[in-house]
Amino acid sequence: MSAKILITRKLPPDVERRAETFFTIKRNKGDVPMDQARLVELADGQDGILATVTDRIDAATIERLPATIRIIANFAVGTDHVDLEAAARRNIIVTNTPDVLTDATADIALLLLLGAARGAAQGMAAIRENKWANWAPTGMLGISLTGKRLGILGMGRIGQAIAKRAQAFGMKIHYHNRRPVETVDATFHATLDELLEQSDFLSINCASTAQTRGMINARTLALLPKGAIVVNTARGDIIDDDALIGAVKNGHLAAIGLDVFNNEPNIDPGYRALPNAFLLPHLGSATLETRNAMGFRALDNLEAFFVGKPPRDRVV
Ligand code: DGY
């Protein structure tokens with residue numbers, strides 16, 4: 001008999017078709033994010049869960065999962081929505097989907113850098129609201145990327161892919177990471193403070209952990225040169241929203257570009273009031289090719305586990 005898997009959200013058709021050939025699937029029919037109680041209820045009688053970033057699988061949820069659940073395969077590279085220690089205590093394996101969303105997410109980071117630097121949000125508003133009076137030599141002036149210093153916080157796969165793209169735009173790359181990365185042509189800074197002092201643009205690309213949450217706050221933002229631009233494709237909770245909104249409002253930052261937020265989708269309304277904020281609704285991995293690849297990778301992990309092989313992307 002095939003293993004029983006709860007799939008918590010609707011997945012691309014090719015992924016769902018493959019899942020059905022290998023497993024007995026239970027679905028979240030309405031495709032609405034589930035609260036913890038609903039997740040525990042639907043997990044009843046299942047052997048594994050294919051989860052997404054909209055599932056908050058905290059310690060209390062993991063304690064209440066039925067004993068039959070042996071694996072949580074994430075449809076995401078980030079695993080901050082799962083309490084990994086609680087999963088380890090229950091001997092539940094957790095996997096993620098690295099590599100396959102690197103390029104798509106790096107592309108969105110460049111879109112944020114360009115969108116923020118060139119005032120794309122204001123430009124689009126002018127067109128849509130029919131407020132574009134005429135072309136003017138001094139109208140809607142943005143900031144060039146060419147020749148500027150891009151500080152990358154977190155030089156993992158996505159940070160490196162952003163570095164490569166930004167170099168093609170003529171940017172000079174600086175970064176802070178737990179360790180220097182030999183393979184990148186960039187200046188390493190041993191501390192975040194040092195990186196910020198040298199960054200005309202800052203791209204946030206570290207994982208959300210106890211150490212990084214709230215790392216970009218009033219004190220650290222003040223270290224950026226006046227007129228800097230901050231973009232985030234990692235996780236919203238690395239940023240203190242009040243501090244970031246304040247730094248844009250008081251003119252310390254020229255603009256921001258965000259694809260991820262605290263408390264998605266109920267973002268801090270202060271962001272909507274900033275004309276120089278280029279905002280996207282967590283689109284980093286949102287291409288059909290990438291979402292297919294993420295689904296296939298999650299299924300690779302589940303299939304390996306249920307035929308008795310080690311899943312390649314085990315994080316716990
Ligand atoms: C991830 O995989 O962690 C992304 O945030 C999903 O787009």
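This is a short dialogue on reading sheets, helix packing and burial in a predicted model.

Visitor: Start with the sheet. In what order do the seven strands of the open sheet run?

Guide: Read the order across the sheet, not along the chain. Here the order is 8-7-6-9-10-11-12, and the pairing is parallel.

Visitor: Which are the edge strands?

Guide: Look for strands that pair on one side only. Those are strand 8 (187-189) and strand 12. The twist averages 15° from one strand to the next.

Visitor: Take one pair. How many bridges link strand 6 and strand 7?

Guide: Five bridges join strand 6 (residues 149-153) to strand 7 (residues 172-176), in the parallel sense. For register, pick a residue and find its partner. Gly-151 stands opposite His-174 in strand 7.

Visitor: Which strands does helix 7 touch?

Guide: Helix 7 packs on the sheet against strand 6, strand 7 and strand 9 (201-204). Its direction makes about 170° with that of strand 6. Angles over 145 degrees count as roughly antiparallel, so helix 7 is roughly antiparallel to strand 6.

Visitor: What does helix 10 lie across?

Guide: Helix 10 (residues 241-249) lies across strand 10 (228-232) and strand 11 (253-258). Helix 10 runs at about 140° to strand 11.

Visitor: Now helix on helix. At what angle do helix 5 and helix 7 pack?

Guide: Read the angle and the axis distance together. Helix 5 (residues 102-117) and helix 7 (residues 157-168) pack at about 50°, with axes 9 Å apart. That angle makes helix 5 oblique to helix 7. Their crossing is right-handed.

Visitor: Which residues meet there?

Guide: From helix 5, the list includes Thr-102, Asp-103, Ala-106 and Leu-110. From helix 7, the residues include Arg-157, Ile-158, Ala-161 and Arg-165. By class, this contact has seven nonpolar, two polar and four charged residues.

Visitor: How do helix 1 and helix 11 cross?

Guide: The axes of helix 1 (residues 13-22) and helix 11 come within 9 Å, at roughly 15°. The two helices are therefore roughly parallel to each other. This crossing, too, is right-handed.

Visitor: Which residues of helix 1 meet helix 11?

Guide: Asp-14, Val-15, Arg-18, Ala-19 and Phe-22 do. Their counterparts in helix 11 include Arg-291, Phe-296, Leu-299 and Glu-303. The class count for this contact is five nonpolar, two polar and five charged residues.

Visitor: Next, side-chain direction. Which way do the residues of strand 4 point?

Guide: Sort the residues by side. In strand 4 (residues 71-74), Ile-71 and Ala-73 point one way, while Ile-72 and Asn-74 point the other way. All of them are buried.

Visitor: How many bridges join strand 3 to strand 4?

Guide: Four bridges join strand 3 (residues 48-51) to strand 4, and the two run parallel. For register, Gly-48 stands opposite Ile-71.

Visitor: Last, a loop residue. Is Leu-280 buried or exposed?

Guide: Check relative accessibility against the cut-off. Leu-280 is at 14%, and buried means under 20%, so Leu-280 counts as buried. This residue lies in the loop between strand 12 (277-279) and helix 11 (288-306).

Visitor: What is Leu-280 in contact with?

Guide: Set aside neighbours within four places in sequence. Then Leu-280 is in contact with Ile-108, Leu-111, Leu-112, Leu-258, Asp-259 and Phe-261. Take Phe-261 as one case. Leu-280 and Phe-261 are 19 residues apart in sequence and 9.6 Å apart in space, C-alpha to C-alpha.

Conventions: Residues numbered from 1 in each chain as written. Predicted model: local features only at pLDDT ≥ 70, side-chain atom pairs only at ≥ 80, totals over all residues. Heavy atoms only, no water. Axes fitted to C-alpha atoms, helices over the stretch in contact; angles between N-to-C directions. Parallel < 35°, antiparallel > 145°, perpendicular 65-115°, else oblique. Left-handed = near helix turned anticlockwise from the far one by under 90°. Contact = heavy atoms within 4.5 Å. Nonpolar A, V, L, I, M, F, W, Y, C, P; charged D, E, K, R; others polar. Buried < 20%, exposed > 50% of the residue type's maximum accessible area, 1.4 Å probe, protein only. Pairing = 2+ DSSP bridges.
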